[in-house]
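User: I am new to this structure and would like to know how its labels are justified. Please set each value against its definition.

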Amino acid sequence: SINYVLGEISLLQKKYGINYFDFHDDTFNLISKRVYEFTREIKERNMNFKWGCFCRATKFNYKIARAMKDSGCESVQFGVESGNQMVLNTIRKKVTLEEIKNAIISAKKAGISQIACGFIIGHSTDTEESINETIQFGCDLAKLGATRLALSIMTPYPGTEEFMQMDKNGIKLITNDWEQFIFSRVVIKTKNLKSDKLRELYAKGVYSFLVATNNI
């Protein structure tokens, strides 16, 4: 419950002097009503702490962003995944590029200082062209207010749907060394992209993102 969560936060503040908290729910804003209740309780109890969370773009707007900011939210992260609508549809993300843009604009307008976006390249339907679109989309989001752009390489972990459907989707592992399965190393090749090309595009994307967010 919200009462229980805020009780824990209060305890950590008093006992250990902790004043920043990250909520690692995959979708903090899954239930809008709960977010509003949470932010209202923080203000009514006169609690003073900063916090960050992971949100979904489809359920994010200025009203909810403002409520979060007014209660101490300084950081929000969105899982964008791709800048190509066809790829987003294929992975069943159920979000549009326009909704993602609007989420970034809303967070920026509300005054949330840290706005992070995560991307993945190497989906089964990704091509060199779609990955370049993803890189460009990330750079465009930086112009709208995103302050950090993180890029990962699609990594099919055993037990996941992606792993079980590799043959069907034209994905092949190039290593069985599980220590390499860390999102920043290429462990696959796809029907559209050889592993060397995927490495090349990953390096391009990382560099482009650093430049776009003025981190290089």
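User: Why is E200 called partly exposed?

Analyst: E200 has a relative accessible area of 47%. Buried means under 20%, exposed over 50%, and partly exposed in between (1.4 Å probe, protein chains only), so E200 counts as partly exposed. This is a predicted model, in which local features need pLDDT of at least 70 and side-chain atom pairs count only at pLDDT 80 or more, while totals for chains, interfaces and linings use all residues. Residues are numbered from 1 along each chain as its sequence is written, and side-chain values use heavy atoms, without hydrogens and water.

User: What makes K197 and E200 a salt bridge?

Analyst: The term requires a side-chain nitrogen of Lys or Arg within 4 Å of a carboxyl oxygen of Asp or Glu. For K197 and E200 the closest N and O atoms are 3.1 Å apart, so the pair fits the definition. K197, at 23% relative accessibility, is partly exposed. A network of salt bridges links E128, K197 and E200.

User: How do you know that E81 and K93 form a salt bridge, and which parts does the pair tie together?

Analyst: Their closest N and O atoms are 3.4 Å apart. E81 lies in strand β3 (residues 73-81) and K93 in the loop between α4 (85-90) and α5 (97-110), so the pair ties together parts 12 residues apart in sequence. Helices (H or I, at least four residues) and strands (E, at least two) are DSSP runs, numbered from the N terminus. Both E81 and K93 are buried.

User: Why is R92 called exposed?

Analyst: Its relative accessible area is 53%, so R92 counts as exposed. R92 forms a salt bridge with E161 (3.1 Å, N to O).
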